[in-house]
Amino acid sequence: MNTIKYLAISSIAATALGAAAMAHGGHSNSEENAAGQPGDPKAVSSTVRIEAGEIKFDVRKLTFRVGQTVKFIVVNKGEQDHELTIGDHITQLEHRKTMAEMAEAEGGMSTGEMHGHSHAVGSAVTVKPGETKELVWQFTKPGSFEFACNFPGHAEAGMAGTIDIR
Ligand SMILES: [Cu+2]
């Protein structure tokens with residue numbers, strides 16, 4: 001009897017997890033996340049230039065208004081690939097985990113492939129050494145968000161900063 005009860009409960013738990021996983025996968029249809037959504041390049045109201053290097057960004061803190069569309073110009077002055085992801089803390093942790101898992105599983109997957117598999121392509125841009133890439137993002141909600149490079153170890157080494165939306 002106890003065993004049956006336990007099985008019933010664990011099957012409910014598994015169903016709940018499955019639903020959560022599906023909900024998670026579902027947001028690849030829309031590239032918005034807690035920090036906003038991909039912006040219209042024609043609606044840009046603020047432009048920020050961020051330099052990436054080993055292992056840091058030259059910017060640590062940004063502040064914008066709710067509704068603003070921001071163009072991030074990311075310049076890689078370093079000698080290795082970097083990226084910029086915009087999102088809330090959870091988004092960053094998820095993206096970091098995904099990239100770490102891919103690096104481990106594939107043993108050297110290219111960054112393009114990594115972002116091809118990522119669930120939030122619109123909120124991230126990968127920049128190779130010497131390259132400059134742009135990311136246009138609209139901040140739709142007030143709050144405290146983050147930007148980070150989620151290559152394994154980079155954010156942990158300080159390659160991250162805060163974005164306050166008021
Ligand atoms: Cu980096």
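**Before you click**

Two strands count as paired when DSSP finds at least two bridges between them. Helices (H or I, at least four residues) and strands (E, at least two) are DSSP runs, numbered from the N terminus. The model in your viewer is predicted: local features need pLDDT of at least 70, side-chain atom pairs count only at pLDDT 80 or more, and totals for chains, interfaces and linings use all residues. Residues are numbered from 1 along each chain as its sequence is written.

**The whole chain**

Show the protein chain as a cartoon, and you will find three helices and 10 strands. Walking from the N terminus, the order of elements is α-β-β-β-β-β-β-α-α-β-β-β-β. Of the 166 residues in the protein chain, 29% are buried. Here a residue is buried if 20 or more other C-beta atoms lie within 10 Å of its own, exposed if 12 or fewer, and partly exposed in between, with C-beta atoms placed from the backbone. Two residues are in contact if their C-beta atoms, placed in that way, lie within 7 Å. Among contacts in the protein chain between residues at least 6 apart in sequence, 76% join residues at least 24 apart.

**Stop 1: the sheet with β2 and β5**

Select β1, β8, β5, β2 and β3, which form an open sheet of five strands in that order, with mixed pairing. Which strands stand at the edges of this sheet? They are β1 (37–38) and β3; each has a single partner strand, so one side of each is left without a neighbour in the sheet.

Strands of a sheet pair through backbone hydrogen bonds, either parallel or antiparallel. Work across the sheet from β1, which pairs with β8 in the antiparallel sense over two bridges. Here P38 has W137 in β8 as its bridge partner. Move on to β5 and β8, which run antiparallel and are joined by seven bridges; label F72 and its bridge partner in β8, L135. On to β2 and β5: seven bridges join these strands, which run parallel, and T47 stands opposite K71 in β5.

Now zoom in on the end of β2. Two bridges link β2 to strand β3 (residues 56–57), and the two run antiparallel, with G53 opposite K56 in β3. The connection is a hairpin through two residues. In the loop between β2 and β3 you will find I55. Check the peptide bond that joins E54 and I55: the bond is cis, with omega at about -25 degrees.

**Stop 2: the sheet with β4 and β10**

Next, colour the open sheet of five strands whose order is β4-β10-β9-β6-β7; its pairing is mixed. β4 (61–64) and β7 (124–127) are the edge strands, each with a single partner, so one side of each has no neighbour in the sheet. On average, neighbouring strands here are turned by 20 degrees against each other, direction ignored. At the β4 edge, four bridges join β4 to strand β10 (residues 160–165), and the two run parallel. Label K61, which stands opposite T162 in β10.

Then bring in helix α2, which packs on this sheet, touching β6 (82–87), β7 and β9 (143–148). The direction of α2 makes about 145 degrees with that of β6; axes are lines fitted to C-alpha atoms, for helices over the stretch in contact, and angles run from 0 to 180 degrees between N-to-C directions.

**Stop 3: around helix α2**

Which residues of α2 are buried? Select T91, Q92, H95, R96 and M99. They cover an arc of only 130 degrees around the axis, which puts them on the same side of α2; the arc is that of the directions from the helix axis to the C-beta atoms. On the face turned away from that buried side are the exposed residues H89, I90, K97, E104 and A105.

Finish this stop at A103, which lies in helix α2 (residues 89–106). A103 counts as partly exposed because it has 16 C-beta neighbours inside 10 Å. Draw a distance from its C-alpha atom to that of F151, 48 residues away along the chain, and you should read 8.8 Å.

**Stop 4: the nonpolar core**

A nonpolar core is a set of buried Ala, Val, Leu, Ile, Met, Phe, Trp, Tyr and Cys residues joined through C-beta atoms within 7 Å. The largest one has 27 residues, and F72, V74, L84 and C149 have the most contacts inside it. At least two residues of this core come from each of β2 (46–53), β5 (69–76), β6, β7, β8 (132–138), β9 and β10. For a last view, centre on V74: leaving aside neighbours within four places in sequence, its contacts include I50, A52, L84, V125 and L135.
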